[in-house]
Amino acid sequence: MQSGQASRTALGAAALRAAHQVLDHGRIFADPLALRILGPDAQALVREAGDDPTRRRLRLFIAVRTRFAEDALAAAVAQGVRQLVVLGAGLDTYAYRASHGDRLRVFEVDHPSTQAWKRERLADAAIPVPSTLTFAPVDFERETLADGLASRGFDPSARTFFTWLGVVPYLTEGAVFSTLAFIAGLPGRAHVVFDYANPPAPGAQAGEAAGDHEALAARVALVGESFKSYYESDALLARLRGAGFRDIEDLGPAQIAARYFPGRGGPPRDRGGHVVHALRI
Ligand SMILES: C[S@@+](CC[C@H](N)C(=O)[O-])C[C@H]1O[C@@H](n2cnc3c(N)ncnc32)[C@H](O)[C@@H]1O
């Protein structure tokens with residue numbers, strides 16, 4: 001991220017969530033605040049996102065990862081989880097539309113510049129901040145999540161759900177695994193949902209998807225938020241198991257296509273963006 005500036009990719013992801021409401025009628029993931037949080041620029045941002053055919057795949061992936069995370073979270077809350085940490089929250093709106101009353105405490109953790117900008121957006125859009133929400137500004141590359149949460153009333157012994165969407169690719173491997181180690185080391189039971197990408201392999205990963213990925217990598221580099229880490233699935237899952245995570249569900253392009261887009265033509269790819277749910281028992 002560029003120092004002192006809010007994340008531009010957070011705005012990009014939010015624009016694609018809003019575009020999903022308009023262009024796909026929220027079919028995968030319905031978010032009644034997705035447009036409102038963008039303020040007066042919403043329609044222009046949606047138009048811009050919709051005009052670029054290389055962003056269609058990403059728009060649907062963002063809808064899928066958010067739906068996957070919120071479905072897993074709903075199941076966990078039904079089983080008694082009472083604490084949620086939204087890591088790298090960007091303009092995520094979960095905390096402002098969830099209907100858990102005061103049953104679920106939510107901590108939004110983000111880079112200080114992005115979080116300050118989000119709070120302005122919320123105020124401008126007159127979206128109320130629930131009393132169950134706590135903001136925790138943390139730069140993952142400079143401070144530990146433990147320090148960021150410790151002073152803000154986070155209960156390490158409570159069963160906790162972590163969502164970490166659209167962040168892992170922008171962090172170094174060291175920052176990613178130290179965050180996972182923190183989650184795995186909590187005395188309470190923990191869930192984590194995050195997404196990652198396989199390393200691009202030109203030739204092997206030929207076709208439109210590779211072109212879309214190249215376009216995205218160039219776009220994020222241009223705004224100072226280059227991708228910093230990619231993972232081979234087998235190696236990543238082995239490291240998650242080594243850290244103590246169990247019941248790992250890893251959906252790659254083929255599983256995502258089968259679950260969320262059944263009946264769509266074309267051979268499913270086996271490499272690309274993945275979304276993972278893992279449990280630390
Ligand atoms: C692509 S956005 C995703 C935002 C949101 N989770 C979503 O899905 O819309 C990336 C997020 O990662 C955060 N981020 C990137 N680098 C970070 C760092 N070093 N420390 C804390 N947050 C970081 C940005 O502030 C931004 O909110």
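**Close-ups of a predicted model: helix crossings and the ligand shell**

**View 1. Helix H3 crosses helix H10 at roughly 75 degrees.** In this predicted model, the axis of H3 and that of H10 (residues 253-260) come within 12 Å of each other. An angle of 65 to 115 degrees counts as roughly perpendicular, so that's what we call H3 and H10. On the H3 side, look for Phe61, Val64, Arg67 and Phe68; H10 brings Ile256, Arg259 and Tyr260 to the contact. Sort these residues by class and you get five nonpolar and two charged, with no polar ones.

**View 2. H3 also meets helix H1, with the axes crossing at roughly 95 degrees.** Here H1 spans residues 8-23 and H3 spans residues 56-78. Their axes come within 9 Å, and the crossing angle means that H1 and H3 are roughly perpendicular too. From H1, the residues making the contact are Ala13, Leu16, Arg17, Ala19, His20 and Leu23. H3 answers with Leu58, Arg59, Leu60, Ile62, Ala63, Arg65 and Thr66. By class, this contact has eight nonpolar residues, two polar and three charged.

**View 3. The ligand sits in a shell of 22 residues.** If you want to get your bearings, start with the closest ones: Gly88, Asp110, Thr114, Phe140 and Leu165. H1 turns up again in this view, since the largest share of the shell, four residues, comes from that helix. As for chemistry, the shell splits into 10 nonpolar, seven polar and five charged residues.

**View 4. Zooming in on polar atoms around the ligand, including those of Arg17, Gly90 and Asp139.** Arg17 puts a polar side-chain atom 2.8 Å from a ligand oxygen; this arginine is also one of the H1 residues in the contact with H3. Gly90 uses its backbone instead, with a polar atom 3.3 Å from an oxygen of the ligand. At Asp139, an N or O atom of the side chain lies 2.9 Å from a ligand nitrogen. How much of the ligand's exposed area does the protein bury? Taken alone, the ligand exposes 590 Å², and the protein covers up 96% of that.

Conventions: Residues are numbered from 1 along each chain as its sequence is written. This is a predicted model: local features need pLDDT of at least 70, side-chain atom pairs count only at pLDDT 80 or more; totals for chains, interfaces and linings use all residues. Side-chain values use heavy atoms; hydrogens and water are left out. Axes are lines fitted to C-alpha atoms, for helices over the stretch in contact, and angles run from 0 to 180 degrees between N-to-C directions. Helices (H or I, at least four residues) and strands (E, at least two) are DSSP runs, numbered from the N terminus. Angles under 35 degrees count as roughly parallel, over 145 as roughly antiparallel, 65 to 115 as roughly perpendicular and the rest as oblique. Contact means heavy atoms within 4.5 Å. Ala, Val, Leu, Ile, Met, Phe, Trp, Tyr, Cys and Pro count as nonpolar, Asp, Glu, Lys and Arg as charged, and the others, Gly among them, as polar. A residue is near a molecule or strand if one of its heavy atoms lies within 4 Å of it. A polar contact is a pair of N or O atoms within 3.5 Å; within protein, one must be able to donate a hydrogen and the other to accept it, and residues adjacent in sequence count only if both atoms are side-chain atoms. Accessible areas come from the Shrake-Rupley method with a 1.4 Å probe; for residues, only the protein chains shown count as cover.
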